[in-house]
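Me: Could you take a close look at the aromatic rings in this structure with me? I'd like to know how they pair up and where they sit.

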Amino acid sequence: MIIPAILETNAKQFQAKLKEVSALKGIKTIQVDFADGEFVATKTASVEEIKLPKSKLEFEAHLMVKNPQDFSVYKKVGFDKIILHYESFESETDLETALESIRKLKMIPALAISPQTAVSVLRYYTDNITHFTLLSVTPGKQGQKMLPDTIERLMELRDHSTGATIEVDGGVNAENIAKLIDAGASDCVVGSALVSGDIKENYQELLEAINNG
């Protein structure tokens, strides 16, 4: 499945991009990136500034922020899933507390790791988390090239989380999307390869790459 990613610095740009990607046929989930300027250099529009439509689409919030805590606002805005970064927390206890807070709000907790983090750290969580996100670029900036060890890292994660949903996020394009799916990706999060230029044409190119892969 292709998941469009929206990373915008202000609410007006966000709403315009959301309208475009929501119109794509076959899209079931949209990811919204949030960055606080601390965990990553980029700073995006905050969750309080944006609006999500009431629709059949599912929305996931990718939190590239330092020590996130208040998840109720994401629930109120309309998010179904929260993606936390393993690296955002000072301790695994803090991370566990955050994951449990998300569960109590009846949202899906997902765990992401950045490229510099060993895939093996996720083994501790595979018994009680069913959604993982593998960052294949340095988080926080669209338009980067996928790192060459991504396929190997994806296969390692898939080996010890056979039934989990695994997203690959970063540098996904028509040249590599089929390889990622073959290697075990459940979903591919696509940013610049989709939203830069003609979105409909880019989307069709990605679909054709999957079908011909």
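**A close look at the aromatic rings**

Reply: Happy to! Let's start with Tyr125, which has a relative accessible area of 0%, so this residue counts as buried, the cut-off being under 20%. Keep in mind that this is a predicted model.

How many aromatic pairs does a search of the whole structure find? The search gives 5 aromatic pairs. One of them is made by Phe34 and Phe79. Their ring centres are 5.7 Å apart, with 75° between the planes, and the pair is edge-to-face. Where do these two residues sit along the chain? Phe34 belongs to strand β2 (residues 29-35), while Phe79 lies in the loop between α2 (72-77) and β4 (81-85). They are 45 residues apart, and their pair links distant parts of the chain. Are Phe34 and Phe79 buried or exposed? Both Phe34 and Phe79 are buried.

Now back to Tyr125, whose ring pairs with that of Tyr86. Here the centres are 6.4 Å apart and the planes stand at 80°, so this pair is edge-to-face. Planes over 60 degrees apart count as edge-to-face. The Tyr86 and Tyr125 pair also links distant parts of the chain, with their positions 39 residues apart. You can find Tyr86 in the loop between β4 and α3 (92-104), and Tyr125 in the loop between β5 and β6.

To finish, look again at Phe34 and Phe79: together with Tyr74, they form one aromatic cluster.

Conventions: Residues numbered from 1 in each chain as written. Predicted model: local features only at pLDDT ≥ 70, side-chain atom pairs only at ≥ 80, totals over all residues. Heavy atoms only, no water. Phe/Tyr/Trp six-rings, centres within 6.5 Å; stacked < 30°, edge-to-face > 60°. Helix = DSSP H or I, 4+ residues; strand = E, 2+ residues; numbered from the N terminus. Buried < 20%, exposed > 50% of the residue type's maximum accessible area, 1.4 Å probe, protein only.
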